[in-house]
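Dear colleague,

Here is the structure I said I would pass on. My notes follow beneath.

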Amino acid sequence: MSIRPRGGRHSWGSMLLAVITSQTAVAAASGDPAEGCQKVGRSLAASSVFLGDTSVFPPPQLEIRTPFEPTSFPSAGRNYLIYELRLQNFSDAAMKIRAVDVLDADTPAEKPILEFKAQQLHSLLQPVGGQAPSSGADDGFQLAGGSSAVAFFCLAFDEGAPVPRKLRHSVFLENAVVSSPDIGTAHTPLRVLAPPVSGTDWIAANGPSNDSHHRLGLFVAGGVAQISRRYAIDWKQIRENASFSGDARDVHAYHAYGQQVLAVADGTVVSTQDGLPDNTPRTAAGFSTAVPITMETAAGNSVVLDLGGRQFAYYAHLQAGSLRVKKGDRVRRGQVLARIGNSGDAREPHLHFQLATAPDLMAAEGIPYLIDQYVVDTGKNRDKRTRELPVRGMLIDFNQPRSK
C-alpha cells in the first residue's frame with residue numbers, strides 16, 4: 001500500500017500516490033535491527049547536555065504527548081518499541097531543541113536508556129505542515145512558535161536488555177528541560193496469529209521499521225491523526241532476487257499474483273469490497289491506477305475481519321472475483337479468503353496486511369501482533385522463529401509444520 005503524506009517524512013497533508021519499493025529485494029540480516037531503529041543496550045553514559053534552569057517560570061510552553069501508547073514485540077532476538085511523541089510549541093517564540101533522552105520512568109534518576117543529540121534530531125523529529133527544519137543540524141532542531149513536530153521512535157532492545165515498564169522523555173532546550181508524561185510499553189494484548197499467506201520466498205516489504213512509508217504514514221481521517229499502518233506489511237514473493245519473471249507489465253508475471261490469502265484467526269467478516277480491476281504494474285514506462293484513488297478505492301478489493309477485543313485484520317489489493325467470503329460470515333483460522341491481486345493503490349501485486357483498532361483502512365491505530373511460526377532466511381542461515389513479528393526486509397518461509 002503506497003498512500004503517502006505530501007512531502008515524504010517532512011510533512012503530511014493530502015493523499016499522494018508515490019513510488020514504493022524496487023523490483024528486487026535483499027533479505028534483512030537477523031543480526032541487524034530494522035532500518036532506522038536505534039539499538040538499546042544495557043546502559044548509557046550519563047547525558048552531557050546542559051540541563052539549564054529547571055525552576056524557570058513560566059515553564060517552557062512545550063506540550064509533549066503520545067496519543068497511542070506502544071506495545072513491545074519480539075523479532076529475531078530483539079524486542080522492539082515503535083511509537084511517536086508529538087511536540088507542540090504553544091508559545092509565539094521559537095524553541096531550539098538540543099537533545100532528547102529516553103528514560104526508564106521507574107528509575108528516572110538513573111542513566112538514560114537512549115540519547116538523541118543535536119546532530120541526530122533531524123532524523124528523529126519531523127515538522128508538521130509547511131514548516132522547514134532549521135539548517136544547522138549540529139546545534140539542534142528549531143521548533144517555530146505555534147508549530148509542531150513528531151518524533152518517530154523505533155527502539156530495538158538487544159537480547160538481554162530489559163524493556164522498561166514505562167518510559168519518560170526529557171526534551172532539552174537551550175535554557176530548560178521539559179519532561180514528558182510517562183507512557184506504558186504494554187498497551188495492547190499481543191495476538192498470536194497464523195500467517196496471512198502460505199509457502200516460501202515471502203518478503204516483508206515495507207514492514208515494521210523506522211523508514212517504511214507505512215510507519216511514517218500519519219494520516220488525518222475522521223478528524224483524528226492516526227497511523228493505521230504502523231505495523232503493516234506488504235507481502236511479496238521474491239525469487240532469484242526479483243518479484244516477477246517475464247513481462248513486468250503483466251500482473252500474471254508476478255510471483256505473488258493469485259496466491260491464496262488466509263484467515264489469520266477465527267473471526268467475523270465485517271467488510272468486503274470486490275469488483276475493482278487490477279492495475280498495470282508500475283515500470284519505467286510509468287504508472288496510473290485502473291480507477292481513481294479515493295478513500296473508498298485505495299485498498300482495492302479487500303476483506304476485513306473482526307478478531308475480537310477491538311482488533312481488526314485488514315487484507316488489501318485482492319484479485320477481483322476471488323473473494324470467497326461476504327460480510328457477516330464467520331471464518332476459521334487458515335481458511336482461504338481470496339487471492340492476491342493488484343487493485344487499488346498498488347504498484348505491483350502484493351498483499352497489504354495490517355492489524356488495527358478499527359475496520360477502517362486509515363481511521364485507526366496500527367497495533368502489533370505475533371505470527372505463530374516461520375523461518376527467516378538471512379542468506380547465510382535459516383532461523384526458525386516462534387511467536388514473533390517479522391520486520392522490514394526479512395525473507396520468510398511459512399512452509400513449516402505447526403507446533404502442537
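Which hand does the link of Cys37 and Cys154 have about the S-S bond? The link is right-handed, with 80° about that bond. The sulfur atoms of Cys37 and Cys154 are 2.0 Å apart, and a search of the whole structure finds one disulfide (a pair of cysteine sulfur atoms within 2.5 Å). Cys37 sits in the loop between strand 2 (15-17) and strand 3 (38-40), and Cys154 in strand 12 (residues 148-157), so the disulfide ties together parts 117 residues apart in sequence. Both Cys37 and Cys154 are buried (under 20% relative accessible area, 1.4 Å probe, protein chains only).

On provenance: this is a predicted model, in which local features need pLDDT of at least 70 and side-chain atom pairs count only at pLDDT 80 or more, while totals for chains, interfaces and linings use all residues. Residues are numbered from 1 along each chain as its sequence is written, and side-chain values use heavy atoms, with hydrogens and water left out.

The chain has one helix (H or I, at least four residues) and 30 strands (E, at least two), taken as DSSP runs numbered from the N terminus. Of its 404 residues, 54% are buried.

The largest nonpolar core (buried Ala, Val, Leu, Ile, Met, Phe, Trp, Tyr and Cys residues joined through side-chain atoms within 4.5 Å) has 48 residues. Trp235, Val303, Leu305, Tyr315, Leu351 and Phe353 touch the most other members. Strand 28 (residues 370-377) gives the most to this core, four residues. A second, separate core has 30 residues, including Val100 and Phe141.

Regards

Technical notes:
Buried < 20%, exposed > 50% of the residue type's maximum accessible area, 1.4 Å probe, protein only.
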